[in-house]
Amino acid sequence: MRWHRLAAIVRKEVIQIRRDARSLLIVVVMPVLLMLAFGYGVSFDIKHIPVCVFDREGSQQSQDFLKHFQASEYFNVVEAVNNFPALIHAIDAGSCRLALVIPHDYSLKLRAGGPVSVQALLDASDNNTANVSISYSEAVVQAYSQQLQLEWLNRQGRFVIQPPLSVDVRTWFNEDLESMANIVPGVVAIVMAVIGSFLTSLTIAREWERGTMEQLISTPVTSLEVMIGKLVPYFLIGMLDTVLCAGMGIWWFQVPFRGEWSVFLISSALFLTVVLSLGYVISVVAKSQLAASQAALITTFLPAFLLSGFIYPIDQMPAVLRLITHLIPARFFMTITRDVFLKGTSIPLLVNDLVALAVFALLLTMLATRAFQKHLS
Amino acid sequence: MFGRIREMLIKEFIQVFRDKRSRFVLFGPPIIQMLTFGYAATLDIRHVPTAVLDLDNSQLSRDLISRFTASPYFDVRARLTDRRQIGDLIDRGNVLIALQLNSGFAEDLRKGQTAHMQVIVDSSNSNTALVALGYINQVASRFSIDYQFERFNQISPLLLPQLPQIVLDRRPWFNVNLDSQWFFVPGVIGNLTLVMVVTLTAFAVVREREIGTLEQIMVTPIQRVEFILGKTVPFFLIGLFETVLISLVGVLWFGVPFRGSFAVLALGAVLFIVCMLGVGLFISTISATQQQALVSGFFFAMPAIVFSGFGTPISSMPETLQWLTYLDPLRYFLDVLRGVYLKGVGLDVLWPQMMAMGLLGVTMLSISVFRFQKSLD
């Protein structure tokens with residue numbers, strides 16, 4: 001390996017990247033865009049669930065019941081209807097996710113004592129929202145029910161019972177239960193996966209397609225020099241974006257950063273090596289840019305998005321898939337970034353993940369050095 | 001004119017189906033993505049690893065704990081004896097939840113005072129934490145109700161039937177078992193259609209420009225309209241075919257019900273693909289290289305998917321962003337997909353979505369064709 005040849009390849013790549021101004025823009029804009037899209041767009045803190053009510057009684061008591069739903073920040077009563085077809089249409093059209101039906105003899109039954117049932121019809125086509133709606137509406141109904149019971153007992157001149165059990169919750173690491181705190185550290189991994197898959201995967205394929213590969217092969221440059229030379233600029237871009245993302249997470253989204261910067265940067269460098277090498281291998285094998293981009297999408301971006309625990313928790317996946325996730329480098333990086341950001345975990349607890357990343361990085365760089373052989377077929 | 005268009009179509013189809021790799025690009029990625037998404041994408045929370053610290057060790061405290069052990073949502077992995085153990089277990093990520101009952105728990109209940117259950121949650125994953133907290137509250141309030149009734153029964157059995165009580169009779173429609181595959185699979189169909197049509201269209205034009213064959217085509221007697229038709233019709237057909245293919249995978253492999261009419265879905269797909277052709281053409285006018293086209297496509301796809309309500313409901317996003325989602329064609333197509341698949345609704349409900357997609361499609365396609373014509377000069 002000769003330094004001046006390597007430097008020449010690096011310079012060639014840098015010129016190529018710099019030449020179209022948009023690539024440069026992409027380098028800065030993409031992380032920002034991804035941060036904003038995921039930070040604001042992915043919210044698990046489900047609030048303002050649109051509710052439709054059908055009060056078949058229309059008494060003061062039934063209205064009082066509904067007021068408790070209106071008062072909750074989790075529900076937003078958007079529509080009151082007075083017949084079933086209108087109710088069904090509201091659910092069908094998706095204008096509400098939850099419909100409450102109060103029976104026509106609500107207050108009568110309530111006075112007589114014993115259980116009164118209020119119907120909650122849920123649009124469960126979105127199962128997660130439906131599930132959360134059930135939890136929240138149960139909480140509203142039970143609190144109200146308990147309040148009525150206490151009032152009733154008081155009127156009877158009976159003992160005043162305190163609510164028997166209270167649940168005192170303490171949330172650690174993400175005190176306000178914000179999705180952003182969970183999502184934003186993960187976006188760092190996604191941005192790197194995108195750079196690895198979308199930018200590097202095309203570098204060699206492009207040379208083949210344009211026919212400049214023959215020219216490159218005819219020079220004395222070695223295949224190792226080509227590899228390193230092509231990857232170094234993207235590595236620098238990747239590290240720049242990592243810092244940009246982290247900075248944006250901390251300053252814009254106010255996500256706490258509790259761990260060590262060194263751990264964060266080392267693991268980022270390892271993960272970046274993994275995705276860049278993988279992108280390089282793909283681009284050597286695929287030869288056409290379209291095929292390379294699709295292959296990169298499937299081997300790098302998709303696993304980083306789906307199988308890393310970024311949004312969908314790994315321990316809820318089927319057993320086979322859970323095993324497969326151990327082959328996904330992004331999974332380990334995702335754990336590290338989250339732990340470093342939110343938990344402030346120190347190195348000893350992260351050793352396993354770091355070692356796994358290092359092993360992947362080593363294997364893939366070895367694969368990359370072997371993938372590209374300088375000859376014309 | 002039709003002769004020339006036919007030649008152009010034949011050329012495009014040959015190019016798309018030419019070799020094994022390009023054929024793979026058409027069918028491999030969508031099916032792989034469909035399968036991974038179908039299995040990996042779930043926001044269900046079950047078997048949350050839990051630790052229990054019961055310092056009271058009374059019959060009542062054991063009763064409460066046993067309700068958690070019996071629940072499918074919690075997996076009691078550790079029974080602790082000292083509260084200092086909690087921090088360590090949570091730091092290491094061995095458990096996500098710790099339940100703590102202090103001594104005096106049963107005593108408080110017996111005295112009619114409020115007893116407390118301490119819950120410590122690792123909320124670094126806010127979704128898991130929120131859903132699990134919902135389940136904890138449900139278990140706790142069930143316990144409260146049972147305890148209160150039993151106690152009341154002991155004191156004055158005659159009054160018990162008169163105690164007012166409201167119960168929620170919950171009925172999840174369209175997806176009775178709250179199965180997340182039923183929610184995600186129709187959504188993935190929309191995502192894949194978007195990605196396929198946009199990338200294929202954009203690449204088809206940009207590749208010619210990059211390789212330099214665009215000039216060769218422009219010197220033939222072909223008209224611009226014919227060229228544009230030749231570049232869009234194949235991808236319209238391929239897109240439609242892909243949509244049908246992955247829809248079949250959804251029904252046959254994942255067993256997602258198909259309750260509506262095929263014609264409605266087909267109409268929705270046609271309108272949506274028209275929108276995406278517009279986007280693809282537009283990207284091809286602003287990209288000089290395939291790499292640029294790929295990244296621009298990604299720039300469009302990512303926000304379009306995140307803000308479509310694919311994974312998390314639009315109603316919980318920030319309000320300004322909610323307005324922006326009206327410009328997202330995928331938002332409407334997802335309504336159509338989920339409406340047809342799960343709800344079995346027809347045009348009487350879905351006409352606003354169809355209108356919106358038609359409007360967006362015509363606008364996008366006209367702008368793109370206009371720009372495209374200029375870019376050929």
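**Exercise 1. Work out in which sense strand β1 of chain A and β2(A) pair, and over how many bridges.**

*Solution.* Start with the terms: strands are DSSP runs of E with at least two residues, helices are runs of H or I with at least four residues, and both are numbered from the N terminus. Two strands pair if DSSP finds at least two bridges between them. Strand β1(A), residues 49-55, runs parallel to β2(A), with 6 bridges. Now follow the partners: A:Ile49 lies opposite A:Phe75, and A:Val51 has A:Val77 as its bridge partner in β2(A).

A word on the model: it is predicted, so local features need pLDDT of at least 70 and side-chain atom pairs count only at pLDDT 80 or more, while totals for chains, interfaces and linings use all residues. Residues are numbered from 1 along each chain as its sequence is written, and chains are lettered from A and ligands numbered from 1 in the order in which they are written.

**Exercise 2. Find the handedness of the unit made by β1(A), α3(A) and β2(A).**

*Solution.* Apply the rule: a crossover is right-handed if, with the strands pointing away from the viewer, the path from the first strand over the helix to the second runs clockwise. By this rule, the β-α-β unit is right-handed.

**Exercise 3. Lay out the order of the open sheet of 5 strands and explain what is special about its edges.**

*Solution.* First, write the order: β2(A)-β1(A)-β3(A)-β4(A)-β5(B), with mixed pairing. Next, look at the ends: β2 (75-81) of chain A and β5 (164-173) of chain B each have a single partner strand, so one side of each is left without a neighbour in the sheet. Finally, take the twist: neighbouring strands are turned by 25° against each other on average, direction ignored. (Axes are lines fitted to C-alpha atoms, for helices over the stretch in contact, and angles run from 0 to 180 degrees between N-to-C directions.)

**Exercise 4. Count the residues that each chain brings to the contact, then sort the side of chain B by class.**

*Solution.* Residues are in contact if their C-beta atoms, placed from the backbone, lie within 7 Å. Chain B gives 99 residues and chain A gives 102 residues. On the side of chain B, α6(B) has the largest share, 17 residues. By class, that side holds 54 nonpolar, 32 polar and 13 charged residues. (Ala, Val, Leu, Ile, Met, Phe, Trp, Tyr, Cys and Pro count as nonpolar, Asp, Glu, Lys and Arg as charged, and the others, Gly among them, as polar.)

Notes. Two residues are in contact if their C-beta atoms, placed from the backbone, lie within 7 Å.
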